[in-house]
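The following exercises introduce a structure to a reader who has not met it before. Each task is followed by a solution that proceeds step by step.

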Amino acid sequence: MAFYCLRNEGVFIGPSAALNVVGAVKLARQLGPGATVCTVLCDGGDRYASKMYAPGWLAERGLEPSASGTAIDFVE
């Protein structure tokens, strides 16, 4: 979700904030059209620039984000 938010919304967030977005998306889907959902983006991505957002670090661990699909597709 963090990569989805960066790529599609231009929001540079950390993993805790990304999890909050996942929860907000799930709740919004449950509540249906017309509902308003709010969440707190509690951490920025700057603290994760050397790991989570570093392509080399991710590649070494086999954790490259997939180009196919989006984070939204996986939120059930």
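A residue is called buried when its relative accessible area is under 20%, exposed when the area is over 50%, and partly exposed in between (1.4 Å probe, protein chains only). The model is predicted, so local features need pLDDT of at least 70 and side-chain atom pairs count only at pLDDT 80 or more, while totals for chains, interfaces and linings use all residues. Residues are numbered from 1 along each chain as its sequence is written, and side-chain values use heavy atoms, with hydrogens and water left out.

**Exercise 1. Describe the fold and the surface of the protein chain.**

Step 1. Helices (H or I, at least four residues) and strands (E, at least two) are DSSP runs, numbered from the N terminus. On this basis the protein chain has four helices and zero strands, and its pattern along the sequence reads α-α-α-α.

Step 2. The chain comprises 76 residues, of which 29% are buried. About 5200 Å² of the protein chain is exposed, and carbon and sulfur atoms supply 57% of that area; accessible areas come from the Shrake-Rupley method with a 1.4 Å probe, and for residues only the protein chains shown count as cover.

Step 3. A contact means heavy atoms within 4.5 Å. Among contacts in the protein chain with a separation of 6 or more, 63% join residues 24 or more positions apart.

**Exercise 2. Locate valine 21 and identify its surroundings.**

Step 1. Valine 21 belongs to helix H2. Its relative accessible area is 14%, so valine 21 is buried.

Step 2. Apart from neighbours within four places in sequence, valine 21 contacts Met1, Cys5, Ile13 and Leu41. Between valine 21 and alanine 2 the C-alpha to C-alpha distance is 8.7 Å, with 19 residues separating them in sequence.

Step 3. A nonpolar core is a set of buried Ala, Val, Leu, Ile, Met, Phe, Trp, Tyr and Cys residues joined through side-chain atoms within 4.5 Å. The largest such core has 13 residues, and Met1, Ala2, Ile13 and Val21 touch the most other members. Helix H1 (2-9) and helix H2 (15-31) are the elements that give two or more residues to this core. H2 provides the largest share, five residues.

**Exercise 3. Which residues form the aromatic cluster, and how is the pair of phenylalanine 12 and tyrosine 53 arranged?**

Step 1. Rings of Phe, Tyr and Trp (its six-membered ring) pair if their centres lie within 6.5 Å; planes under 30 degrees apart count as stacked, over 60 as edge-to-face and the rest as tilted. The structure holds two aromatic pairs.

Step 2. The rings of phenylalanine 12 and tyrosine 53 are tilted, at 4.6 Å centre to centre and 50° between the planes. Phenylalanine 12 lies in the loop between H1 and H2 and tyrosine 53 in the loop between H2 and helix H3 (55-60), so this pair ties together parts 41 residues apart in sequence.

Step 3. Phenylalanine 12 is partly exposed at 37% relative accessibility, whereas tyrosine 53 is buried at 14%. Phe3, Phe12 and Tyr53 form one aromatic cluster.

**Exercise 4. Find the salt bridge and search for disulfides.**

Step 1. A salt bridge is a side-chain nitrogen of Lys or Arg within 4 Å of a carboxyl oxygen of Asp or Glu. The structure holds one salt bridge, and glutamate 60 and arginine 61 form a salt bridge at 3.2 Å, N to O.

Step 2. Glutamate 60 is exposed at 65% relative accessibility; arginine 61 is partly exposed at 42%.

Step 3. A disulfide is a pair of cysteine sulfur atoms within 2.5 Å, and the whole structure contains zero disulfides. Cysteine 5 is buried at 8% relative accessible area, while cysteine 42 is partly exposed at 48%.
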